[in-house]
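Q: I have a model open in my viewer and I'm not sure how to read it. Could you walk me through its features one at a time?

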Amino acid sequence: MSNEKIRVAIVGATGYTGAELLRILLSHPSVEVTSIVGQSKAGRPVAEVLPSLAGIVSGVVDAFDADRVAAGADAAFCALPHGASAGIVAQLHARGVRVFDLSADFRIGDLDTYTRWYGEHHAPELFGKAVYGLVELHRAELRGATLVAVPGCYPTAANLALAPLVNAKLVSTEGVIIDAKSGVSGAGRAPGERTHFSETSEGIRAYKLLSHRHTPEIEQELSRLADRPVQVIFTPHLVPMTRGILSTAYAVAAPGVDAVRCTEAARALYEGSPSVVVLDPGASPDTLWIRGSNRVHLSYTFDPRTGRVIALSTIDNLVKGASGQAVQCLNVAFDRPEGEGLLFAPQWP
Ligand SMILES: NC(=O)c1ccc[n+]([C@@H]2O[C@H](COP(=O)([O-])OP(=O)(O)OC[C@H]3O[C@@H](n4cnc5c(N)ncnc54)[C@H](OP(=O)(O)O)[C@@H]3O)[C@@H](O)[C@H]2O)c1
């Protein structure tokens, strides 16, 4: 391992996940942030655009210039809307920059599936070339990777809970239901009618019923683990909190399976992980217990009446669900300790 710092650009630094990347990387011992890039906010002081960093980060937000970013960076995080990201990722990758893309543009492996859910792809030459960055399940492929698709927040939460069960064939892959709740920062920084304070602060609702774009991403990973096509019902909800995801998944248990076996399978799969904590059977994790951290809390409960397993997980959507996981990917790709710069404890209460 060399002692030289990894020079990193953040493209899309003025949004929520970009700001979170900056917060994490400022205290990462092996990283130096060399470019802070925005779009509409380019040219403005960083401290004005991201007031939480006043007195910590000086300078102005740059406009995107592929040559300038590439001249100063070994790696770039692209924290941009899907669709807008692919072209920028391609320009940087073509210049030898290793890219960690937080958008959905490179997560789906099948072009027809991508097109059906997201529309036209804007860098078809790179399509299918990224490593899927769910670190706990793709560690070996991530080593040395030059293009990483950082997973979506809901797929991270749901699949980390379901993977040990599917992997060890502890549940049927028919009829899996995922009911998940997210804080409003999951929708990004741009204000919108559906995320307006007065329309979210005292209510809760399901959204994008049967049409949320994380559905094919969840199914892709579960199908890979099961080695057969898996379909799920995935119902997301918006809840009046800023950060956090609680995912509750229901699956039919295989004969003889109980919560203890599920818990043991998860502890075996995630042994040594700097992020995943498998709570005792029947525990009820809370988003407040992982808020602001790169941690995941999992727990398993078995209902002998209905023969179902309930697999619960909590993550912070902006950390393990996005920017923390992206840094975890960088650590593995650059042969750094996986938890470097990420071992800070959650903010509680
Ligand atoms: N929020 C989450 O919890 C979460 C979790 C996992 C993954 N993600 C994914 O991460 C990506 C970023 O999400 P976010 O929540 O950080 O979004 P956001 O808060 O809306 O920030 C978007 C960023 O992209 C820049 N931008 C917007 N349109 C652009 C364009 N056409 N070309 C270049 N730059 C553009 C913005 O720059 P200006 O502000 O300067 O205009 C801003 O820096 C998205 O793909 C999202 O799906 C988000």
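What follows is a talk through this predicted model, from the overall fold down to single residues.

Q: Let's start with the fold. How many helices and strands does the protein chain have?

A: Counting elements is a handy way in. Here the protein chain has 11 helices and 13 strands. The radius of gyration is 20 Å, close to the 20 Å that the globule rule gives for 349 residues, so the chain is as compact as a globular protein of that length. Along its principal axes, the C-alpha trace spans about 60 × 45 × 40 Å.

Q: What share of the residues counts as buried, and what share of the contacts joins residues at least 24 apart?

A: Burial first: 54% of the 349 residues count as buried. As for contacts, take those between residues at least 6 apart in sequence; 70% of them join residues at least 24 apart.

Q: And the outside? What does the surface come to, and what part of it belongs to carbon and sulfur atoms?

A: The accessible surface is about 14900 Å², and carbon and sulfur atoms hold 53% of that. For charge, count the side chains: 31 are positive and 35 negative, with the centres of the two sets 2 Å apart.

Q: How should I read a helix that packs against other elements?

A: Start from the geometry. An α-helix has 3.6 residues a turn, so residues three or four places apart point the same way. Then list what is buried. In helix α4 (residues 85-94), the buried residues are Ser85, Ala86, Ile88, Val89, Ala90 and Leu92.

Q: What covers those buried residues of α4?

A: The cover includes three strands near the front of the list you'd check, β1 (6-11), β3 (75-78) and β4 (98-101), along with α3 (66-72) and β6 (147-149). After α4 comes Gly96, which has a positive phi near 85 degrees.

Q: Can we zoom in on Ser85? Is Ser85 buried or exposed?

A: Ser85, which lies in helix α4, is buried, with a relative accessible area of 0%. Leaving out residues up to four places away in sequence, Ser85 touches Cys78, Leu80, Asp101, Ser103 and Asp105.

Q: Next, the cores. What is the general idea there?

A: In soluble globular proteins, nonpolar side chains tend to be buried together. In this model, the largest nonpolar core has 45 residues, and the members touching the most others are Leu165, Ile178, Tyr270 and Tyr300. Helix α7 (residues 153-167) gives the most to this core, with 10 residues. There's also a second, separate core of 38 residues, with Ile6, Leu50, Phe100 and Val150 among them.

Q: Which residues is Tyr270 in contact with, beyond its neighbours within four places in sequence?

A: Tyr270 contacts Glu136, Leu137, Asn159, Leu160, Ala163, Pro164, Val276, Val278 and Leu298.

Q: Now backbone angles. Which residues other than glycine should I look at for a positive phi?

A: Try Leu210 and Asp227. Leu210 is not a glycine, yet its phi is positive at about 60 degrees. You'll find Leu210 in the loop between β8 (205-206) and α9 (214-226), and it is exposed, with a relative accessible area of 68%. Asp227 also isn't a glycine, and its phi is positive, near 60 degrees. Asp227 sits in the loop between α9 and β9 (232-238) and is exposed, at a relative accessible area of 71%.

Q: Where is there a cis peptide bond?

A: Check omega: a cis bond joins Trp348 and Pro349, with omega about 0 degrees. Pro349 is in the segment after α11 (319-333). Gln347 is found in the segment after α11 too. Setting aside neighbours within four places in sequence, Gln347 is in contact with Leu288 and Arg291. From Gln347 to Ala86, the C-alpha distance is 34 Å, and the two are 261 residues apart in sequence.

Q: One last residue. Where is Met241 found?

A: Met241 is in the loop between β9 and β10 (245-252). Met241 is partly exposed, with a relative accessible area of 24%. Beyond neighbours within four places in sequence, Met241 is in contact with Ser182, Gly183, Val184 and Thr287. The C-alpha atoms of Met241 and Thr113 are separated by 32 Å, with their positions 128 residues apart along the chain.

Notes. Residues numbered from 1 in each chain as written. Predicted model: local features only at pLDDT ≥ 70, side-chain atom pairs only at ≥ 80, totals over all residues. Heavy atoms only, no water. Helix = DSSP H or I, 4+ residues; strand = E, 2+ residues; numbered from the N terminus. Rg over C-alpha atoms; globule rule 2.2 N^0.38 Å. Buried < 20%, exposed > 50% of the residue type's maximum accessible area, 1.4 Å probe, protein only. Contact = heavy atoms within 4.5 Å. Areas by Shrake-Rupley, 256 points an atom, 1.4 Å probe, with all protein chains shown as cover. Lys, Arg positive; Asp, Glu negative; His and termini not counted. Charge placed at Lys NZ, Arg CZ, Asp CG, Glu CD. Core = buried A, V, L, I, M, F, W, Y, C linked by side-chain atoms within 4.5 Å.
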